[in-house]
Amino acid sequence: MIARDIKVDNLEISHLDKRPLEDLVDAQNKIFADYIIPLKSSVQFFQDFTRSVGGNIEDVIVAVHNGAIVGYVNPIVDDKEAWIGGLGVIPEYRGSGIGKRLMRAAEEDVRERGAEEILLEVIDGNTPALNLYHNLGYTERRTYLSAEGQSARFAGFGPAPERGRLEDVEESHRLIYTDNCWQRRKSAALAESGRTCETYAVDGGFVMLRRAGTTGFIPFIGVLPDMRRRGVGTSLAKFAINRLWELGAFKIAIYNVNDDMATRRMLDKFDFAVTLKQFEMKKSIR
Ligand SMILES: CC(C)(COP(=O)(O)OP(=O)(O)OC[C@H]1O[C@@H](n2cnc3c(N)ncnc32)[C@H](O)[C@@H]1OP(=O)(O)O)[C@@H](O)C(=O)NCCC(=O)NCCS
C-alpha cells in the first residue's frame, strides 16, 4: 500500500493553534470526499457544527506533515463525558498509524480536561474506523438508524399537536433523551433546529420538522418515558408526515433514531426504509 511507504517520522501532533481554519477544512474535504456519505464542509459549516455539539475550534488536534495538515480529531468534553466530533486522515497518509496517534492524543487531552469516558459514532461498514476503535478498546453501546420515507396525506392523527416554542419542549427533550449522551448533547442542536423548524407539542411528546426543497426532515420526535405505548408517537409521526405533505415535501428523512423495537415498528408502519446504521462506541479512560 502506498501509504505505508510515506515517512511520517517528523509528524507533528498538536492543537490547531494559529493555523488557518481554511487549512483544516481543506484537509477535511480531502478526507471525506470518498467517505460513505461524501461530505463537503466550509469554515462556516464546521464552526456551526462544532458549536452546535458544544465543542471549541481551539480544541481540535491536527497531524501536520511537511507543514500541511494531514489528519485531525475533534475532541469535545461535556463534564465527565467526552465525544469525538470527527476524526480523519487524508487518503495518501492512511495506514501509517496517524489515526491511532490522533485518537491517543485526543484521549490524553480529554482525560486532562476531566473526562472519564469517551463516546463516538461510526457508520456500519466503515471497517478501517471500526477496527481502529476496537483496537483502542472501544465497544459498541447502541445503534442509531437513519431512514427515508415519503410524505402522505393522513386524516385522524388524534389530537392535533399545538405549535410550541423551543422553551416549551426543552424540558421534554431532556427527559426523553436523559440516558443518552449524544442526544443530550444535542440540546444545542435542538436550539439550532428551533430556528429553522416548525415545533409542535402534545401532552407527552413533541416533534420538530422542516422542509428543504422537496425533502422534509424530522430532526426530533419523542415521547416522554411514562407516556410511551399509548399511541402518542404514532400520532405525532402521522401528524409530521401529513404536515410535511402539506408543506410540499415529497421525501422525508429522519436521522439518529434509536434502533429499538418501538422505532423499528414505527418505521415499518410508515414504510420508512433504513438508509444508514451507526454504532455508538464507548471507552472508559479513568
Ligand atoms: C479511520 C481512519 C481515521 C484511520 O486512520 P489511519 O491513519 O489510516 O489508521 P492507522 O494507520 O492509525 O491504523 C490504525 C488501525 O486502524 C485499522 N485500520 C486502518 N486502516 C484500515 C483498513 N484499510 N482496513 C482495515 N483496518 C484498518 C487497523 O486496525 C489499524 O491497526 P493495525 O495497523 O495495527 O492493524 C482513516 O481511514 C480515515 O480517515 N477514514 C475516513 C474518515 C473516517 O472514516 N473517519 C472516522 C469516522 S467515525
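In this predicted model, E280 has a relative accessibility of 1% and therefore counts as buried, since the cut-off for that class is under 20%. The side chain of E280 takes part in a salt bridge with that of R141, with an N to O distance of 2.8 Å. This pair connects distant parts of the chain, for E280 belongs to strand β12 (residues 273–284) and R141 to strand β6 (residues 139–150), and the two residues are 139 residues apart. R141, with a relative accessibility of 32%, counts as partly exposed, whereas E280 is buried.

A search of the whole structure finds 19 salt bridges, and a few others can be followed in the same way. E12 and R19 meet through their side chains at 3.5 Å, N to O; E12 is partly exposed at 38% relative accessible area, and R19, at 23%, is also counted as partly exposed. Another salt bridge is formed by D168 and R165, whose closest N and O atoms lie 3.2 Å apart, and here D168 is partly exposed, with a relative accessible area of 41%. Through salt bridges that share partners, R153, E198, R243 and E246 are joined into one network.

E198 also leads to the strands, because strand β8 is the run of residues 198–202. Strand β8 runs antiparallel to strand β9 (residues 205–212), and five bridges join the two; within this pairing, T199 has M208 in β9 as its bridge partner. The two strands form a hairpin with two residues between them, and in the turn G204 has a positive phi of about 105°. Strand β9 then pairs with strand β10 (residues 215–223), again in the antiparallel sense, over seven bridges, and G205 finds its bridge partner in V223 of β10. The hairpin of β9 and β10 likewise has two residues between its strands, and G213 takes a positive phi near 65° there.

Positive phi values also appear in residues other than glycine. N66, with a phi near 50°, is one of them, and N66 sits in the loop between β2 (61–65) and β3 (68–78). D79 has a positive phi of about 60° and is found in the loop that lies between β3 and β4 (81–89). N66 counts as exposed because its relative accessibility of 63% is over the 50% cut-off, and D79, with a relative accessible area of 61%, is exposed as well.

Strand β4 leads on to the ligand, as β4 is among the elements that give two or more residues to the shell around the ligand, together with α4 (98–112) and α5 (127–135). The helix α5 gives the most, with six residues. There are 22 residues around the ligand, of which V89, G95, G97, G99 and N126 come nearest, and by class the shell holds ten nonpolar, eight polar and four charged residues. Backbone atoms of the protein also approach polar atoms of the ligand: a backbone N or O atom of L87 lies 2.8 Å from a nitrogen atom of the ligand, while a polar backbone atom of V89 is 2.8 Å from an oxygen atom of the ligand. For S96, the distance between a polar backbone atom and an oxygen atom of the ligand is 3.2 Å. On its own the ligand has 920 Å² of accessible area, and the protein covers 77% of it.

How values were computed
Residues are numbered from 1 along each chain as its sequence is written. This is a predicted model: local features need pLDDT of at least 70, side-chain atom pairs count only at pLDDT 80 or more; totals for chains, interfaces and linings use all residues. Side-chain values use heavy atoms; hydrogens and water are left out. Two strands pair if DSSP finds at least two bridges between them. Helices (H or I, at least four residues) and strands (E, at least two) are DSSP runs, numbered from the N terminus. Buried means under 20% relative accessible area, exposed over 50%, partly exposed in between (1.4 Å probe, protein chains only). A residue is near a molecule or strand if one of its heavy atoms lies within 4 Å of it. A polar contact is a pair of N or O atoms within 3.5 Å; within protein, one must be able to donate a hydrogen and the other to accept it, and residues adjacent in sequence count only if both atoms are side-chain atoms. Accessible areas come from the Shrake-Rupley method with a 1.4 Å probe; for residues, only the protein chains shown count as cover. Ala, Val, Leu, Ile, Met, Phe, Trp, Tyr, Cys and Pro count as nonpolar, Asp, Glu, Lys and Arg as charged, and the others, Gly among them, as polar. A salt bridge is a side-chain nitrogen of Lys or Arg within 4 Å of a carboxyl oxygen of Asp or Glu.
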